[in-house]
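Me: I am new to this structure and would like a close look at a single part of it. Please take one helix and explain, in connected prose, how its surroundings are arranged.

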Amino acid sequence: MTDLHEQRGLLARACRVAAARGLVDGILGHLSMRVDDERLLIRCRSDTDSGVAFTQPSDIRLIRFDGTEAAAGELDGYRVPNELAIHVETLLAQPHQRAVAHLHPAAVVAADLAGITLRPIYGAYDIAGARLARDGVPVYERAVLIRNPLLGKEMVAAMRGQPIVICRGHGITSAATSVQQAVLQAISLDALAKMSLRVRAAGGSLHDIDDRDWDDLPDLGPGFNVDAAWRYEVARIE
Ligand SMILES: [Zn+2]
């Protein structure tokens with residue numbers, strides 16, 4: 001049970017990090033984590049909810065993949081998000097992933113609506129972000145509320161097995177092996193969208209970095225990309 005307690009704390013903190021980074025506004029957006037083959041922890045809603053930026057560990061509830069409570073009392077006073085299908089279908093389709101972040105980053109939505117394809121336009125500025133865009137960032141072209149398994153499966157199909165998908169006129173879904181990574185890659189995608197918009201606003205055009213530069217843009221490993229980056233994200237909100 002201590003494990004679950006820690007995981008609720010981690011998910012709540014991750015919600016606050018995402019909100020502090022402007023990846024969600026108000027009460028929209030949610031994060032989840034696979035517990036086992038039948039259960040997940042997910043940010044739920046309640047009548048006293050003050051929004052994602054103020055998520056408490058008690059807002060993180062243990063449910064089954066079918067949306068019912070996984071232990072007595074888990075959904076007393078709490079409701080699963082309307083878009084539960086985003087989490088369930090992503091976790092079912094990508095068994096190697098453990099966490100899902102569904103967020104509404106304005107810059108990513110704006111860039112997509114402006115017809116900007118997110119590409120690796122920079123390198124060492126943010127290697128993780130550049131790598132994320134190297135093979136293209138998939139787009140789910142429907143702006144719908146993903147409120148049933150059919151729409152969830154449609155979004156997952158558009159995701160093409162990649163860790164992140166842009167939902168047009170809506171937001172993003174980011175899947176990863178950890179909650180930290182799911183949020184960090186959303187932060188990276190948001191930074192890339194902001195830079196793309198900025199270059200365009202300055203009158204420039206967007207070009208992929210030179211192919212040979214990839215040889216010197218190494219994966220700096222989880223110690224740097226996740227652990228250190230996460231310590232910073234937590235420190236800036238506390
Ligand atoms: Zn949404």
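Reply: What follows looks at helix 4 and then at the elements around it.

This is a predicted model, in which local features need pLDDT of at least 70 and side-chain atom pairs count only at pLDDT 80 or more, while totals for chains, interfaces and linings use all residues. Residues are numbered from 1 along each chain as its sequence is written. Helices (H or I, at least four residues) and strands (E, at least two) are DSSP runs, numbered from the N terminus.

Helix 4 covers residues 127–134, and 6 of its 8 residues are buried, so the helix is largely enclosed by the rest of the structure. Here a residue is buried if 20 or more other C-beta atoms lie within 10 Å of its own, exposed if 12 or fewer, and partly exposed in between, with C-beta atoms placed from the backbone. The buried residues of helix 4 are I127, A128, G129, A130, L132 and A133, and they pack against strand 8 (164–167), helix 6 (179–201) and helix 7 (222–237), where contact is taken as C-beta atoms, placed from the backbone, within 7 Å. After helix 4 comes G136, with a positive phi near 90°.

Two of these packing partners, helix 6 and helix 7, also meet each other: their axes come within 10 Å and cross at roughly 80°. That makes helix 6 roughly perpendicular to helix 7, a label used for angles of 65 to 115 degrees, whereas those under 35 count as roughly parallel, over 145 as roughly antiparallel and the rest as oblique. The axes are lines fitted to C-alpha atoms, for helices over the stretch in contact, and angles run from 0 to 180 degrees between N-to-C directions. In this contact, Q180, Q181 and L184 of helix 6 meet V226, A229 and W230 of helix 7.

The remaining partner, strand 8, belongs to an open sheet of 7 strands in the order 4-2-1-6-9-8-7, with mixed pairing; two strands pair if DSSP finds at least two bridges between them. At its edges are strand 4 (60–64) and strand 7 (139–140), each of which pairs on one side only. Helix 5 (residues 149–159) lies across strand 7, strand 8 and strand 9 (171–176), and runs at about 120° to strand 8. The loop between helix 5 and strand 8 holds R160, which counts as exposed because it has 10 C-beta neighbours inside 10 Å. The phi of R160 is positive, near 50°, although the residue is not glycine.

Note on methods: Contact = placed C-beta atoms within 7 Å.
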